[in-house]
Amino acid sequence: MFDAPSGRRRERDDALRVAVLDALDLLDTPVESQFDTIAQLTATMLGCPVALISLITRDRYWIKAAHGTAHCEMRRSDAICNQTIAEPGVLVIEDGSVDTRIGSACFADGSPIAFYAGTAIHGIDAHGVSHAIGTLCVLDRVPRRFSEAHRTMLSGLASLVDALIAARATACQAMAVARENEQQAIELRRKDRIFHQAERMAMIGSWRVAFAGQILEWSDGQYRIHDLEPDGSIEARRAYGFYSPTDQVLMREKLADTLATGTPYALETEIITAKGRRRRLRSTAEIEYRDGRAIAITGVSRDVTDEHAMQQALRHAADTDELTGIGNRAAFNRTIDAAIASARANATPLALVLIDMDGFKAVNDTFGHLAGDTVLCTVGNRLGNPWLRGSFAARIGGDEFAILIDDPQLLADLDLLTTRLRTELQVPVTLDGLTIATAGSVGAVLFADHFATAADFVGATDRALYAAKKQRIGDRRIAGRPVA
């Protein structure tokens with residue numbers, strides 16, 4: 001499909017490329033997380049669903065690392081990258097429907113490739129000469145613009161692949177030449193700058209505790225996360241000091257379990273950095289073995305502060321009534337189940353209060369929905385007053401509200417509680433000299449063991465509310481009995 005250089009030049013380039021690939025021992029090797037990480041990083045930074053790191057021989061196109069698609073291979077002539085490797089710089093096809101260079105190339109599922117951007121990656125031969133051995137590319141199913149800044153970014157990421165290949169080759173050579181100095185080769189790989197660059201880009205850090213001497217080591221990224229300058233002298237006591245006492249206990253328990261069972265752990269914690277900033281960390285750790293013997297425990301920490309804040313905001317939005325700002329029906333359903341479980345387990349008091357706003361329809365019909373919304377917002381604000389001591393309030397219907405109360409002092413006198421609620425829920429609305437009074441009918445029930453489910457609890461309270469409404473508008477009723 002795509003024509004590479006022909007004749008003697010192609011034969012020479014192919015021979016040199018294959019020789020470098022053979023020396024690097026990259027072809028047909030297992031998945032290596034460092035290459036996959038760069039592929040994922042490339043896709044994320046350039047906003048494309050698919051990113052590939054590929055190697056090209058005389059007749060094969062083989063994928064070393066992939067994000068967004070499976071590892072595979074194909075004939076060299078069928079690959080767009082066959083053209084990329086023969087050209088300097090970045091090859092960009094912004095719209096495959098009008099650019100004939102895309103040909104009939106498609107994704108593994110048969111869908112056409114509408115966008116392509118790629119550049120060569122390189123390996124160095126025994127004489128120190130760099131040769132194009134493959135490509136780093138991104139693909140999409142829709143056309144897209146690719147700016148000069150994108151080109152620069154892709155070239156920089158390709159340089160990162162080149163550095164990783166060089167670091168990999170250096171590490172392999174060091175291990176082959178000096179087996180007796182294996183620790184030095186491990187240190188060389190571990191401290192290679194490619195990983196420091198990846199740490200800075202992804203806001204991650206790594207740490208290691210050697211069992212011999214209990215020596216704690218932090219990467220530059222780990223220091224950076226904690227707002228410290230890398231100095232190589234961190235102590236375990238100081239490292240733990242960034243965490244709350246609760247998280248310190250949790251971390252020690254996780255470490256103890258990993259040491260006892262060999263099972264890796266993952267957890268999220270919070271730290272207060274050296275500059276007083278609160279950060280959320282997601283950490284993993286596992287035991288490091290050498291020759292079948294456990295020699296250290298190593299871990300990686302990632303700053304997920306922004307991600308966590310976004311998740312919390314989304315969760316709050318999903319649980320909040322948009323108009324009143326208190327809980328919605330979905331949040332109420334979850335909260336009542338948890339409250340019942342806690343009341344059963346701890347034998348603590350729990351009451352459910354249901355409220356129906358009488359006169360609300362008249363406000364809507366007479367003054368309009370804006371006035372009705374004002375009434376609902378006023379009720380929502382009053383149900384969040386401090387005197388309710390953190391009780392959970394929710395709007396569960398148009399003008400229907402619910403409160404879950406577990407404060408023993410409030411529940412010591414339900415008569416007083418419902419009387420005060422009824423007073424709080426009187427919301428008069430006046431317009432053009434006309435006043436309509438709204439008031440809340442109140443039904444309240446204390447939780448009892450004979451309520452098998454939340455539905456039983458709600459049903460009993462609903463019956464109390466109905467009895468209150470039936471007696472008179474704005475009435476209140478506790479567990480089915482009228483209150484004077």
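This section describes two sheets, the helices that pack on them, one pocket and the cysteines of a predicted model.

An open sheet is formed by 6 strands in the order E3-E2-E1-E6-E5-E4, and their pairing is antiparallel. Its edges are strand E3 (73-75) and strand E4 (90-93), each of which pairs on one side only. Between neighbouring strands of this sheet the average turn is 25°, with direction ignored.

Within this sheet, strand E6 (residues 130-140) is joined to strand E5 (residues 115-124) by 10 bridges, and the two run antiparallel. One of the pairs places Gly-123 with His-131 of E6 as its bridge partner. The hairpin of E5 and E6 has 5 residues between the strands, and Gly-128 in this hairpin adopts a positive phi near 85°. E6 also pairs with E1, in the antiparallel sense, over 6 bridges. Leu-136 of E6 can be used to locate both pairings: Ile-53 stands opposite this residue, and Thr-119 likewise stands opposite Leu-136. E6 is mostly covered, with 10 of its 11 residues buried. Helix H2 (residues 33-46) lies across strand E1 (50-56), strand E2 (60-67) and E6, and runs at about 70° to E2.

Another open sheet consists of 5 strands in the order E8-E7-E11-E10-E9, with antiparallel pairing. E8 and E9 stand at its edges with a single partner strand each, so one side of each has no neighbour in the sheet. Neighbouring strands here are turned against each other by 25° on average, direction ignored. E9 and strand E10 (residues 278-290) run antiparallel and are joined by 8 bridges. In this pairing, Ile-272 has Arg-278 of E10 as its bridge partner.

Helix H9 packs on this sheet and touches E7, E9, E10 and E11, its direction making about 155° with that of E9. Helix H10 (residues 305-319) also packs on the sheet, touching E9, E10 and E11, and its direction makes about 125° with that of E10.

Two threonines give a residue-level view of this region. Thr-258 belongs to helix H9 (residues 245-261). Its relative accessibility is 0%, and Thr-258 therefore counts as buried, the cut-off being under 20%. Apart from residues up to four places away in sequence, Thr-258 touches Thr-263, Pro-264, Tyr-265, Ile-287 and Ile-297. Thr-284, by contrast, lies in strand E10. Thr-284 counts as partly exposed because its relative accessibility is 38%, a value in the range between the 20% limit for buried and the 50% limit for exposed. With neighbours within four places in sequence left aside, Thr-284 is in contact with Tyr-265, Ala-266, Thr-298, Gly-299 and Val-300. Of these contacts, Gly-299 is 15 residues from Thr-284 in sequence, while their C-alpha atoms are 5.4 Å apart in space. Tyr-265 appears among the contacts of Thr-258 and among those of Thr-284.

The second largest pocket has a volume of about 420 Å³. It is lined by 20 residues, of which Trp-207, Val-209, Leu-216, Tyr-240 and Leu-255 are the closest to its centre. At least two residues of the lining come from each of strand E7 (204-210), strand E8 (215-218), helix H8 (236-240), H9, strand E9 (265-272) and strand E11 (293-303). H9 thus contributes to the pocket lining and also packs on the 5-stranded sheet.

The cysteines were examined for disulfides. A disulfide is a covalent bond between the sulfur atoms of two cysteines. The count of disulfides in the model is 0. For Cys-48, the closest cysteine sulfur is that of Cys-137, at 9.8 Å, which is too far for a bond because the cut-off requires the sulfur atoms to be within 2.5 Å. Cys-48 has a relative accessible area of 7% and is therefore buried. Cys-377, with a relative accessible area of 25%, is partly exposed.

Conventions
Residues numbered from 1 in each chain as written. Predicted model: local features only at pLDDT ≥ 70, side-chain atom pairs only at ≥ 80, totals over all residues. Heavy atoms only, no water. Helix = DSSP H or I, 4+ residues; strand = E, 2+ residues; numbered from the N terminus. Buried < 20%, exposed > 50% of the residue type's maximum accessible area, 1.4 Å probe, protein only. Contact = heavy atoms within 4.5 Å. Pairing = 2+ DSSP bridges. Axes fitted to C-alpha atoms, helices over the stretch in contact; angles between N-to-C directions. 1 Å grid on protein atoms, 1.4 Å probe; cavity = no way out; pocket = protein on both sides within 12 Å on 5 of 7 lines; lining within 4 Å. Points joined across faces, edges and corners; volume = space filled by probe spheres on them.
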